Amino acid sequence: MIRSILIHPDPRLKKICDPVAEITDDLRRLADDMLATMYDAPGIGLAAPQVGVTRRLVVMDCNKQPEAPRRPIAMINPQIVWASEDVSTYEEGCLSLPNVFADVERPAEVKVRWTGIDGREEEEQFSGLWATCVQHEIDHLDGKLFIDYLRPLKRQMITRKMEKFKRAQASGLVQKA
């Protein structure tokens, strides 16, 4: 099922998410819905708070090339256990901030540990776009958006733009993001 994606500013996007204590059928359905929503958007990552659920769950698939096989990953309670000193800068966007992009500097590589939807502990080292994406999505679980890395004036301008977008959306002048 495709779920609605919250648009900034929304207080639910700033909440620190609760850890997942138990993997249930509802949680598996949520992960499936989040992947369907992410692919439909289209995006490469989505965190549970973006669909209004304050649980520590993210999904991602950074294989963007049409000929590349999909590689969906659902991470329960992900945590970064190592980050490189080398940094990289990517122009990031976010499904909760439609048509907003900005350069963000993050560690170039990270090692992440999480529980898979099957209940097994997993760990992987990510680099490139995958590293940027997983850090971006984990930030969502901590109530942080990529614009929080920007200067205050730029962040305020983006927030005003999103408020205007949401008003236009509510009045039917623009379609849902």
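A residue is called buried here when its relative accessible area is under 20%. At 0% relative accessibility, Met34 therefore counts as buried. The structure that holds this residue is a predicted model.

## Overall architecture

The protein chain contains three helices and seven strands. In sequence order, these elements follow the pattern α-β-β-β-β-β-β-β-α-α. The radius of gyration is 16 Å, close to the 16 Å that the globule rule gives for 177 residues, so the protein chain is as compact as a globular protein of that length. The C-alpha trace spans about 45 × 40 × 35 Å along its principal axes.

Of the 177 residues in the protein chain, 44% count as buried. When contacts between residues at least 6 apart in sequence are considered, 64% of them join residues at least 24 apart. The protein chain exposes about 9700 Å², and carbon and sulfur atoms supply 48% of that area. Its charged side chains comprise 25 positive and 27 negative ones. The centres of these two sets lie 8 Å apart.

## Met34 and the strands it meets

Met34 lies in helix H1, which covers residues 25-40. Leaving aside residues up to four places away in sequence, Met34 touches Leu46, Ala47, Ala48, Val51, Leu57, Val58 and Val59. One of these contacts, Val51, is 17 residues from Met34 along the chain, and the C-alpha atoms of the two are separated by 7.8 Å.

Three of the residues touched by Met34, namely Leu57, Val58 and Val59, belong to strand S2, residues 57-60. Both faces of strand S2 are covered. Leu57 and Val59 on one side are buried, as are Val58 and Met60 on the other.

Strand S2 also has pairing partners. S1 and S2 pair in the antiparallel sense over three bridges, and Ala47 has Val58 as its bridge partner in S2. Both Ala47 and Val58 are among the contacts of Met34. S2 is joined to S3 by four bridges, again in an antiparallel arrangement. Within that pairing, the bridge partner of Val59 in S3 is Ala74.

## The S4–S5 hairpin and helix H2

Strand S4, residues 87-94, runs antiparallel to S5, and seven bridges join the two. S4 and S5 form a hairpin with two residues between them. Cys94 has Leu97 as its bridge partner in S5.

Helix H2, residues 128-141, includes Thr132. With a relative accessible area of 6%, Thr132 is buried. Apart from residues up to four places away in sequence, Thr132 touches Ser88, Tyr90, Glu92 and Arg106. Ser88, Tyr90 and Glu92 fall within the residue range 87-94 of strand S4, while Arg106 falls within the range 97-107 of strand S5. The contacts of Thr132 thus bring helix H2 against the hairpin strands.

## Backbone features

Two cis peptide bonds and two residues with positive phi are described next. The table gives the backbone angle for each.

| Site | Feature | Angle |
|---|---|---|
| His8 and Pro9 | cis peptide bond | omega about -5° |
| Ala41 and Pro42 | cis peptide bond | omega about -10° |
| Asn77 | positive phi, not a glycine | phi about 50° |
| Asn99 | positive phi, not a glycine | phi about 60° |

The cis bonds can be placed relative to helix H1. Pro9 is in the segment before helix H1, whereas Pro42 is found in the loop between H1 and strand S1, residues 45-47.

Each residue with positive phi sits in a strand. Asn77 is placed in strand S3, residues 73-83, and Asn99 in strand S5, residues 97-107. How accessible is Asn77? Its relative accessibility is 24%, so Asn77 counts as partly exposed. Asn99, by contrast, has a relative accessible area of 59% and is therefore exposed.

Definitions and conventions:
Residues are numbered from 1 along each chain as its sequence is written. This is a predicted model: local features need pLDDT of at least 70, side-chain atom pairs count only at pLDDT 80 or more; totals for chains, interfaces and linings use all residues. Side-chain values use heavy atoms; hydrogens and water are left out. The radius of gyration is taken over C-alpha atoms; the globule rule is 2.2 Å times the number of residues to the power 0.38. Buried means under 20% relative accessible area, exposed over 50%, partly exposed in between (1.4 Å probe, protein chains only). Contact means heavy atoms within 4.5 Å. Accessible areas come from the Shrake-Rupley method with a 1.4 Å probe; for residues, only the protein chains shown count as cover. Lys and Arg count as positive and Asp and Glu as negative; His and the chain ends are not counted. The place of a charge is taken as NZ of Lys, CZ of Arg, CG of Asp or CD of Glu. Two strands pair if DSSP finds at least two bridges between them.
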